[in-house]
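Here's a walk through one protein model, going from the overall layout to a few single residues. Have the structure open while you read.

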Amino acid sequence: MRIWLSQHARTLGMTLGKFFRSPVASLFNIGVIGVALALPAGFYVGLVNLQSLSQGLAAAPQLSLFLALDASRADIAQIEGRLKQHAQVHKFKYVPREQALADMKAGSGLGDVMSGLAQNPLPDAFVVDARDSTAQSLEKLREEINNWPKVAHVQLDAAWAKRLEAVLKLGQLAVLMLTTLLAFALVAITFNTIRLQILTRREEIEVAKLIGATDAFIRRPFLYFGALQGLAGGFAAWALIWAGIYLLNNGLADLSQLYGTTFQLHHLNPADSLGLLLFSAVLGWFGAWMSVGRHLSDADRR
């Protein structure tokens with residue numbers, strides 16, 4: 001066991017030495033891998049942030065009932081009674097037109113303009129939470145309430161969130177396709193890099209095979225090199241994403257202040273970060289394994 005560990009430690013040290021002996025070429029390869037990985041990973045981060053934003057803003061789908069402007073107190077009481085008795089209504093809240101106008105003045109920043117209005121243009125409203133939040137049930141409830149007397153309009157507040165969810169699913173498919181394409185690119189980069197190293201050490205490999213070196217022994221340093229190069233590319237991609245989020249958050253801070261809200265992009269969580277590094281290392285190892293395997297099979301045929 002000690003001999004096995006010492007052999008791997010010696011191989012790892014020799015592999016690290018290759019990076020330092022050709023720093024420029026190594027940095028270029030790592031940079032290309034980092035950019036290739038940062039593109040799909042960056043899109044994934046954007047989708048995760050959009051998904052968390054949509055869930056936070058529309059966690060519970062609601063129905064907004066806007067009454068006719070000529071609705072009387074009796075009409076409002078009748079609608080309130082029907083909502084209390086409806087089996088699909090979990091709870092509701094009555095929003096009088098005076099409160100709606102006051103909330104709009106406070107939240108829109110147009111209080112002076114709205115104070116000059118001759119009359120309140122906003123209707124009385126009810127905000128309803130349904131027991132069943134599925135799309136079909138909500139749409140059925142919306143159509144039913146929309147036919148009630150003195151109900152001018154019923155709005156499903158979560159409709160935009162459902163559209164956003166469909167867009168996010170399409171985005172996830174696009175990220176998967178982009179990741180697959182760029183993964184092939186990363187494997188090709190490692191394949192060609194290892195191929196060049198094999199060509200420069202062809203005579204050394206042939207001598208090693210003549211004196212009894214196994215294929216596993218010959219593969220080992222190249223596999224280490226491919227895995228370490230992929231891992232370094234993964235770190236470069238992580239750093240690029242971090243820098244991009246940091247710069248974007250600085251711009252979003254100013255934009256959020258203008259709208260009186262707070263929104264920040266979140267970086268990859270620890271599990272996703274570890275997944276990115278492992279994914280890049282495995283792709284580098286796989287590219288090296290393919291390259292060495294092809295050379296050894298060609299050598300055996302000769």
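## The overall picture

Of the 302 residues of the protein, 36% count as buried. Keep in mind that this is a predicted model. The protein has ten helices and four strands, and along the sequence they follow the pattern α-α-β-α-β-α-α-β-α-β-α-α-α-α. If you take the contacts between residues at least 6 apart in sequence, 83% of them join residues at least 24 apart.

## The sheet

Let's start with the strands. Four of them form an open sheet in the order 2-3-1-4, with antiparallel pairing. Strand 2 and strand 4 (151-156) sit at the edges, each pairing on one side only. On average, neighbouring strands of this sheet are turned by 20° against each other, direction ignored.

Now for the individual pairings. Strand 2 (residues 89-95) pairs with strand 3 in the antiparallel sense over six bridges. Strand 1 (residues 62-67) also pairs with strand 3 in the antiparallel sense, over five bridges. On to strand 4: it pairs with strand 1, again in the antiparallel sense and over five bridges.

If you'd like to trace the register by eye, here are some of the bridge partners:

| Residue | Bridge partner | Strand of the partner |
|---|---|---|
| Phe66 | Ala125 | strand 3 |
| Leu65 | Phe126 | strand 3 |
| Lys93 | Val127 | strand 3 |
| Val89 | Ala130 | strand 3 |
| Leu65 | Val154 | strand 4 |

Leu65 is a handy landmark here, since it stands opposite Phe126 in strand 3 and has Val154 as its bridge partner in strand 4.

How many of the six residues of strand 3 are buried? Five of the six residues in strand 3 (residues 125-130) are, so this strand is largely enclosed by the rest of the structure.

## The helix across the sheet

Helix 3 lies across strand 1, strand 2, strand 3 and strand 4, and runs at about 160° to strand 2. Does its length come out right? You can check with a quick sum: at 1.5 Å a residue, the 13 residues of helix 3 (residues 73-85) should span 18 Å, and the end C-alpha atoms are 19 Å apart, which agrees.

Which residues of helix 3 are buried? They are Asp75, Ile76, Ile79 and Leu83. Looking down the axis of helix 3, these buried residues fall within an arc of 100°, so they line one face of the helix. The general rule behind such a pattern is that an α-helix has 3.6 residues a turn, so residues three or four places apart point the same way. The face of helix 3 turned away from the buried side carries exposed residues, namely Arg73, Ala74, Lys84 and Gln85.

## Three residues to click on

First up is Asn49, in helix 2 (residues 23-57). Is Asn49 buried or exposed? Its relative accessibility is 4%, and because buried means under 20%, Asn49 counts as buried. A polar atom of the Asn49 side chain lies 2.7 Å from the backbone oxygen of Val45. Leaving aside neighbours within four places in sequence, Asn49 is in contact with Gln264, Leu265 and His266.

Next, have a look at Lys150, in the loop between helix 6 (135-146) and strand 4. Lys150 has a positive phi of about 70° although it is not a glycine. For background, most residues other than glycine have a negative phi. With a relative accessible area of 33%, Lys150 is partly exposed.

Last comes Trp289, which is found in helix 10 (residues 270-301). Trp289 is partly exposed too, with a relative accessible area of 38%. Not counting residues up to four places away in sequence, Trp289 touches Arg219 and Leu223. What is the distance in space between Trp289 and Arg220? They are 9.2 Å apart, C-alpha to C-alpha, with their positions 69 residues apart in sequence.

Conventions:
Residues are numbered from 1 along each chain as its sequence is written. This is a predicted model: local features need pLDDT of at least 70, side-chain atom pairs count only at pLDDT 80 or more; totals for chains, interfaces and linings use all residues. Side-chain values use heavy atoms; hydrogens and water are left out. Buried means under 20% relative accessible area, exposed over 50%, partly exposed in between (1.4 Å probe, protein chains only). Helices (H or I, at least four residues) and strands (E, at least two) are DSSP runs, numbered from the N terminus. Two strands pair if DSSP finds at least two bridges between them. The expected span of a helix is 1.5 Å times one less than its number of residues. The arc is that of the directions from the helix axis to the C-beta atoms. Axes are lines fitted to C-alpha atoms, for helices over the stretch in contact, and angles run from 0 to 180 degrees between N-to-C directions. Contact means heavy atoms within 4.5 Å. A polar contact is a pair of N or O atoms within 3.5 Å; within protein, one must be able to donate a hydrogen and the other to accept it, and residues adjacent in sequence count only if both atoms are side-chain atoms.
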